[in-house]
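Hi everyone, thanks for making the time. I'd like to walk you through one model today, so please get it up on your screens and follow along as I go.

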Amino acid sequence: MANPYETLDVAPNASQEDIRKAYRKAAKETHPDLNPGKPEAEERFKELNAAYDIVGDADKRKRYDAGEIDETGTERQPERHFYREYADADPNRRYGRREAQAGQRDHEGADFDYDIFADLFRGHGEGATFRVPPRDVRYALEINFLDAVHGTRKAVAMPDGKTLDITIPAGISDGQVLRLKEQGLPGSDGKPGDAYVEISVQPHAGFKREGSDILSKLPVSLGEALNGASVRVETVDGPVDVKVPKGAKEGTKLRLRGKGVSRGQAGGRGDQFVEIHIAPPEGADEALAQFMADWEKTHPQNPRRKGAA
Amino acid sequence: MIREHELIAQYTYLEREVLLTWIEEGVLAPYRGEEGYLFDRVDESRVALACDLHYRMGLDHASLPVIMSLIDQLHDARHHLRALARAVAEQPEAVQQEIIRRMAKDRTSQRE
């Protein structure tokens, strides 16, 4: 990296004020967000910032001049993301293009988003008045796994002092967005925008969700797997007794009909799939070891063989 | 997404009151969660831009929302221009040529 004084194009004995002026002048010309069409601006701006970080600060400058720190400073500059990389990336379009109201349609029935063209084609913008459009507000709400499965009501106090009554439908999934009509902030005509609530669902220790089905694991002992057993299994509706079939294998999936998640408009609920995991015997002793050794003499088995279960 | 105090920890010179003013003025529109504001990468990059303009480049409080709004409009205009360019590129060759000819004519007439 170059000498910071050269980068800023100032003399090594320039005053702090001169350095600040030089930085501001150069930053104006090269800030990537003020020059979205000039890709080379970013590199130059980063160099300027690195240089200004050192000599723009009287203390650091002294240490640089004394050779205590090099031109990169002592700390690394963190990865910097400029807004222009995101200007078009926000799926919710919170910034800019606010003038396009949802549902506003042109004469052909298509969503008419391109107000800039609407203005141009309509004539010459005569009689246009400035208005503050209703503002949509976005909330993020975290709910627990079981509330997402069964649905719930939530009264939630938000940082702007408002309380929102939110009805969460059964079967809502992570990342889903609820629209609350006219719960946003008002525009100049007094009509409020909408509130959008993005739901994130906390993971559950025992259940996993796959579409409208629930997956869970069921540890069984070797004896239960060999002889079959009736065991208690947790479902989202509480515990039920389930029959483990005789000779159940590792990874066998038992289906509990209707113990899944609401399918919404399609009606009904999905299923729960319980995957069997055979736990090795606890406290295996000499007798068991001897028994297994004898048993394997007459039942040779190589589970590493291709195609073995 | 990160919380307000995490954001302020990242931009040590950013004052909380200034951040709240920016939110109030619509310079920033972070998500709202049960325990306060939540900032995603889009918001973070905007905070970085606003901090550059205010703390480093000396833009005052009254000017900042104006400049940010102009920058937003600039990005909108670029977005619309790209859409227009795509639409033009889908037209028959003759129509594209006619549009280019017409634009060149407009430029010359402005110079006169």
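Let's start where the two chains meet. In this predicted model, the contact involves 32 residues of chain A and 30 residues of chain B. On chain A, the elements that each supply at least two residues to the side touching chain B are α2 (16-30), α5 (115-122) and β1 (137-143). The largest share comes from β1(A), with five residues. As for the chemistry of that side of chain A, 18 of its residues are nonpolar, three are polar and 11 are charged. On confidence in the assembly, the predictor assigns the complex an ipTM of 0.72 and a pTM of 0.52.

Now, the cores. In soluble globular proteins, nonpolar side chains tend to be buried together. Here, the largest nonpolar core has 31 residues, and the members that touch the most others in it are Y139(A), W22(B), V27(B), L28(B) and A50(B). Which elements feed this core with at least two residues each? From chain A they are β1, α6 (145-150) and β5 (195-201). From chain B they are α2 (16-25), β3 (36-39), α3 (41-56) and α4 (63-89). The biggest contribution is that of α3(B), which gives four residues. If you prefer to think in domains, domain 2 (137-201) and domain 3 (208-298) of chain A each provide at least three residues of this core.

Click on L28(B) for a moment, one of those well-connected members. Setting aside neighbours within four places in sequence, L28(B) contacts W22(B), I23(B), D43(B), R46(B) and V47(B). There is also a second, separate core, this one of 15 residues, and I19(A), A27(A), F45(A) and L48(A) are among them.

Let me turn to chain B as a whole. How many helices and strands does chain B have? The count is five helices and three strands, and from the N terminus they follow the order β-α-α-β-β-α-α-α. Chain B has 112 residues, of which 24% count as buried. Taking the contacts in chain B with a separation of 6 or more, 44% are between residues 24 or more positions apart.

Confidence for chain B looks like this: the mean pLDDT is 88, and 97% of the residues reach 70 or more. Among the elements of chain B, α3(B) has the highest mean, 91, while helix α5 (residues 93-111) has the lowest, 84.

Have a look at α4(B) next. This helix has 27 residues, and at 1.5 Å a residue they should span 39 Å; the C-alpha atoms at its ends are 39 Å apart, so the two values agree. Which residues of α4(B) are buried? They are M68(B), I71(B), H75(B) and D76(B). An α-helix has 3.6 residues a turn, so residues three or four places apart point the same way. Part of what covers the buried residues of α4(B) is α3 of chain B.

Closer to the start of chain B, I8(B) sits in helix α1 (residues 4-10). Is I8(B) buried or exposed? In fact I8(B) is partly exposed, because 16 other C-beta atoms lie within 10 Å, whereas a buried residue needs 20 or more. Not counting residues up to four places away in sequence, I8(B) touches L14(B), R16(B) and L19(B). I8(B) and L19(B) are 11 residues apart along the chain, with 8.8 Å between their C-alpha atoms.

Over to chain A, then. Chain A contains eight helices and 11 strands, and 18% of its 309 residues count as buried. Of the contacts in chain A between residues at least 6 apart in sequence, 50% join residues at least 24 apart.

I'll finish with two backbone details in chain A. D9(A), which is not a glycine, has a positive phi of about 60 degrees. You will find D9(A) in the loop between α1 (4-8) and α2 of chain A, and D9(A) counts as partly exposed because it has 13 C-beta neighbours inside 10 Å. E182(A) is not a glycine either, and its phi is positive too, about 60 degrees. That residue, E182(A), lies in the loop between β4 (177-180) and β5 of chain A. With 11 C-beta neighbours inside 10 Å, E182(A) counts as exposed.

Thanks for listening, and I'm happy to take questions!

Note on methods:
Residues numbered from 1 in each chain as written. Chains lettered and ligands numbered in written order. Predicted model: local features only at pLDDT ≥ 70, side-chain atom pairs only at ≥ 80, totals over all residues. Contact = placed C-beta atoms within 7 Å. Nonpolar A, V, L, I, M, F, W, Y, C, P; charged D, E, K, R; others polar. Core = buried A, V, L, I, M, F, W, Y, C linked by C-beta atoms within 7 Å. Buried ≥ 20, exposed ≤ 12 C-beta atoms within 10 Å, placed from the backbone. Domains from an automatic or database assignment. Expected span 1.5 Å × (residues − 1). pLDDT = per-residue confidence, 0-100.
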